[in-house]
Amino acid sequence: MEDANVSHPSPSANRRLSNLAHHLTGHSPAMASENRSSALSPSPTAASYGAAASVFAGILQAPEDPILGVTVAYNKDPSPVKVNLGVGAYRTEEGKPLVLNVVRKAEQLLVNDPVRVKEYLPITGLADFNKLSAKLIFGADSPAIRENRVATVQCLSGTGSLRVGGEFLARHYHERTIYIPQPTWGNHPKIFTLAGLAVKYYRYYDPATRGLNFHGLLEDLSSAPTGAIVLLHACAHNPTGVDPTLEQWEQIRLLMRSKELLPFFDSAYQGFASGSLDADAQSVRIFVADGGECLTAQSYAKNMGLYGERVGALSIVCKSSDVAARVESQLKHVIRPMYSNPPIHGASIVATILKNSEMYNEWTAELKMMADRIISMRKQLFDALHERGTPGDWSHIIKQIGMFTFTGLNREQVAFMTKEFHIYMTSDGRISMAGLSSKTVPHLSDAIHAAVTRIN
Amino acid sequence: MASSMCRGIIGKGRRAAALGRSMSTASWWGHVEPAAKDPILGVTEAFLADPSPDKVNVGVGAYRDDNGKPVVLECVREAEKRIAGNLNMEYLPMGGSIKMIEESLKLAYGDDSELIKDKRIAAVQALSGTGACRLFADFQKRFLPDSQIYIPIPTWANHHNIWRDAHVPQRTFHYYHPETKGLDFAALMDDIKNAPNGSFFLLHACAHNPTGVDPSEDQWREISYQFKVKNHFPFFDMAYQGFASGDPERDAKAIRIFLEDGHMIGCAQSFAKNMGLYGQRAGCLSILCENEIQAVAVKSQLQQIARPMYSNPPVHGALLVSVILSDPVLKSLWLEEVKGMANRIIGMRNALRKNIENLGSNLSWEHITNQIGMFCYSGLKPEQVDRLTNDFHIYMTRNGRISMAGVTTGNVGYLANAIHEVSKAT
C-alpha cells in the first residue's frame with residue numbers, strides 16, 4: 001500500500017520542484033516575467049520576486065489518497081454495472097447509504113429542543129458523551145471507570161483520536177516508536193509520523209494462509225524495545241479482516257505486559273465485527289482488567305453510521321485518578337492549537353442514544369442487522385466462487401471478520417477487474433463487503449474468477 | 001506468592017505482569033505535570049462556579065442577547081429544520097463541502113470575484129478559524145520550512161499555540177498602542193519595513209481580537225503598499241466578518257484592498273460568531289494562487305495535511321452554512337440578524353462609555369467607542385481586573401479585555417460603576 005511521500009523538501013529538492021513546477025504551470029499571465037526564476041523559488045528570503053508570483057508556486061499536486069481516491073474514480077465511471085468496494089462505508093441491499101432509524105430519532109429530538117444552543121463544547125468535548133463512550137468500550141462495570149482512572153476526550157472520529165493520542169505520546173512518553181501491523185489502514189503511518197512518532201512494523205498477515213502470522217507477531221513484539229508503543233486493531237482488522245482468537249489475545253497481552261509495551265487500541269468497528277458490542281470489546285477489556293495502562297481510539301463512523309459527523313473518543317487508562325486528571329489537562333494542550341474544541345452535533349446524537357435504554361436497544365438491533373448482512377454477503381460470495389469453480393481456497397472470505405475481506409488478489413488482478421468489470425477496490429486486494437449486495441455478488445464473482453484464471 | 005517470587009527474581013514490580021496480573025503501581029504518566037488552564041476558557045469556568053447573583057461574564061467571546069442569553073439565529077433554526085432527517089451522513093471529501101467552500105469564498109472575496117471565476121483560489125473546509133489557521137501553519141512549515149510568522153502584539157492567545165505546534169518560528173510586530181488605546185501605526189509600519197523581505201504576517205481582517213483596534217481604510221492601503229515593496233505574505237484571520245460593522249462587505253475591506261493590489265493572500269474564515277455556529281466548527285482556509293493548476297496542486301496538499309489529522313471535516317456545520325448562504329431568503333435573514341448583533345454591541349459600547357463618563361471619571365473612555373467588534377481593550381491592569389472579579393464578581397481575562405457581547409442594558413450600569421471604582425484611584 002503506497003502512501004504519499006511527504007518529507008520536508010531539502011533546498012536542492014526545492015530547486016528540482018521549482019523546475020518541475022515551471023514546466024507544469026507553463027506561462028501564466030499573472031507571473032511577472034522578469035522575475036520568473038526567483039518567482040518559483042520557495043525561499044521567502046530570496047531577492048525580490050515578481051509581485052504577482054506565489055510563494056507556493058513550486059508545489060506539486062499530491063497523489064490521490066489511495067482509499068478515498070477509489071471513490072473518486074468510481075464516481076467518474078459511467079458504466080451501469082460499476083460496483084464500489086473501496087471505502088468502508090456501509091451500504092444497504094439496495095446499495096444505498098444508511099442513516100440508522102435511531103439516529104434519525106435522536107436528530108429530531110435535538111432539532112425540536114428549543115432550549116438547545118450551539119455554544120462551544122469544552123476542549124475535551126461533551127462530558128456525557130465521553131463518559132458513555134468509555135462505558136461502551138471498557139464495560140459499564142470496568143474497575144478503571146469506577147476508580148476514575150480513565151481520561152476520555154471527544155475527538156474527530158478514529159483519525160482524530162489516533163492523532164491526538166499520538167501527539168500526546170510524542171510529548172509525554174519516553175518511547176517515541178510505535179509498532180503497527182503489516183498491513184494496516186493506509187492512514188495509520190501518516191497519522192503517527194505527523195504526530196511525531198517513528199513508525200515500525202510487526203508481522204501480522206500471512207499471505208500463505210490468508211490468516212494471522214501469530215508466530216511472526218510474537219517474535220516481532222518480543223524484539224521491540226522495552227516500552228515501545230504497539231498499535232492493535234481491537235477487532236475486525238483493517239484491511240485484512242483477520243483477528244487473533246481470544247487465546248491469542250491473552251498471549252499477546254502477557255507478552256506485552258512482560259516487555260512493558262504500551263497498547264494503543266484502534267476500535268473502529270465495535271459491534272460491527274460479530275454483531276455484539278461486548279464481544280467486539282474483549283481484546284481491550286482483557287488488557288484493562290489486568291490493571292495496566294493503555295490508550296483506546298473509538299470511532300462511531302461505522303457502528304452508528306455517523307461517518308461525516310466525525311464522532312470519536314480517545315481514552316487513556318491510567319494507574320490512578322490523579323494521573324488521569326493530569327493527563328486530561330495535557331490532552332487539552334494538544335487539542336486547543338489543532339481545532340480548539342470538537343464538533344457538537346454528532347456527539348450529541350451519540351449521547352442521546354447511549355443514555356436512553358430504549359434507544360440503546362434499538363441501536364444494538366440495527367447494528368446487529370448491519371453486521372448480519374455483511375456476514376451473509378461473505379457467505380454468498382464464497383458460495384458463488386465455489387459454484388464457478390474458481391481456483392484457489394476462498395475460505396478466508398468467511399473466516400475473516402468485519403467490513404473488509406483481504407482477497408489475496410494482486411495489483412494486476414485488481415487493475416484488470418477495474419478495467420474489464422468496473423469493480424472499484426483498493427490495489428491491495430481489499431474489498432469492502434458492505435458495498436456488496438445479493439444483486440452484485442454474481443458480477444463480482446465473475447470478475448474474480450476472470451482475474452484469477454486470466455492473470456497470474 | 002508467585003508474584004513476590006517473580007519480584008525477587010526479576011527485581012522489579014513491573015515484571016510481575018508476566019504472571020498475568022499487572023502488579024506494578026507506577027504509571028507511565030506519573031511525571032506528567034498538570035497543564036496550565038486556558039486563560040480564556042478558564043474565565044467561564046470560574047464564572048460558573050461563582051454563586052453571586054450579581055455576577056457578570058464578559059470573558060469568552062460568544063454572543064449574548066440583551067438578556068444575557070446565548071442566541072441561535074433564526075436562519076440557523078430554519079436551516080436545521082431543512083437538513084434534519086433528509087440527507088445521509090456520508091464522509092465529505094477530504095477538502096470538505098464544495099458548496100460550503102464556494103459560498104465562503106464569495107463572502108470573503110466578493111460575489112463577483114474574478115479570482116473565483118478563474119479558479120485561482122485553493123480552498124478547503126476547516127475546523128472553524130482555529131482549524132484554518134492550523135492547516136495553514138502546517139502547510140507553511142511543510143512547503144516553506146525556513147519561513148517564520150509575524151504575529152501582532154497582542155493577539156488571540158491561541159495564535160501563538162497554533163504556530164508553535166506547527167513548529168513555525170514566531171516573531172512579533174507592534175500593533176496596539178497602550179497610551180492611546182489605539183493603533184501604533186508608526187511602529188507597525190517600521191516593523192513591516194524592517195522584517196526581511198518575503199516574511200509572513202498574521203493580520204486580523206477586522207475586529208482585532210483582543211483589542212478591537214482596526215487600521216483605518218487609508219492605513220490598510222499603506223500597509224498593503226508596504227507589503228508589496230517588501231513582498232511579504234499576508235495571512236488574514238477573519239473571525240468576525242459581519243460582526244464588526246454589521247456589514248460583511250465592509251468588514252472584508254482590508255482583504256479587498258490587498259486583493260486589488262495583487263497580493264496572493266491566505267485567509268482563515270470562521271462562522272462561529274457571525275452565524276452563531278460555535279460548536280459546529282465551521283470554517284474555511286483559502287490560499288490565492290497564480291492560476292488554476294497551482295490552486296489544484298495547493299488544495300491537494302492541504303488535503304494531505306487534513307487527512308492524517310481528522311480525515312475529512314464535519315458535515316453538519318457545512319450544510320448549515322451552505323443552506324443559509326445559497327438561499328437568497330435565508331441569506332437576507334442572516335444579514336439582518338448579523339446586523340442586529342453588531343448593532344446591539346455598538347449600542348452597548350455607547351452605553352458603557354456614557355455611563356462611566358456620567359459617573360465623573362476623569363480618564364478618557366473614548367476607546368470604548370473607537371474600538372470595534374466583540375472586544376473592548378479597556379486598559380485596565382491585571383490588578384484592577386482581579387478587583388473587578390473579587391469585589392464585583394465581574395469575570396474577564398486579565399489583559400483587561402471585555403467581551404462587549406456579555407454587556408446588557410441590565411448590567412451595563414453595574415459594570416460601569418465597577419470599572420469606575422477600580423480605575424479612579426489610578
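**Exercise 1.** Which residue in β10(B) does Leu127(B) stand opposite?

*Solution.* The model is predicted. Start with the pairing: β2(B), residues 121-127, runs antiparallel to strand β10 (residues 282-288) of chain B, and seven bridges link them. Within this pair, the residue opposite Leu127(B) is Ala282(B). Next, consider burial, which here requires under 20% relative accessible area. Seven of the seven residues of β2(B) are buried, so this strand is largely enclosed by the rest of the structure.

**Exercise 2.** Give the strand order of the open seven-stranded sheet in chain A and place a helix on it.

*Solution.* The order is β2-β10-β9-β8-β7-β3-β4, and the pairing is mixed. The edges are β2 (150-155) and β4 (198-203) of chain A, each of which pairs on one side only. From one strand to the next, the twist averages 25 degrees. At the β4(A) edge, strand β3 (residues 177-182) of chain A runs parallel to β4(A) through six bridges, with Gln182(A) opposite Arg203(A). Helix α7 (residues 157-172) of chain A packs on the sheet, touching β2, β7, β8, β9 and β10 of chain A. The direction of α7 makes about 155 degrees with that of β9(A).

**Exercise 3.** Identify the residues with the most contacts inside the largest nonpolar core, and follow one of them across the chains.

*Solution.* This core has 207 residues, and the residues sought are Phe56(A) and Trp29(B). Helix α14 (residues 357-388) of chain A gives the most to the core, ten residues. Phe56(A) touches residues of chain B, including Phe136(B), Phe139(B), Phe143(B), Ile287(B) and Gln294(B). Another core, of 37 residues, lies apart and includes Tyr109(B) and Leu183(B).

Terms used:
Residues numbered from 1 in each chain as written. Chains lettered and ligands numbered in written order. Predicted model: local features only at pLDDT ≥ 70, side-chain atom pairs only at ≥ 80, totals over all residues. Heavy atoms only, no water. Core = buried A, V, L, I, M, F, W, Y, C linked by side-chain atoms within 4.5 Å. Buried < 20%, exposed > 50% of the residue type's maximum accessible area, 1.4 Å probe, protein only. Helix = DSSP H or I, 4+ residues; strand = E, 2+ residues; numbered from the N terminus. Contact = heavy atoms within 4.5 Å. Pairing = 2+ DSSP bridges. Axes fitted to C-alpha atoms, helices over the stretch in contact; angles between N-to-C directions. Lists of a residue's contacts leave out its neighbours within four places in sequence.
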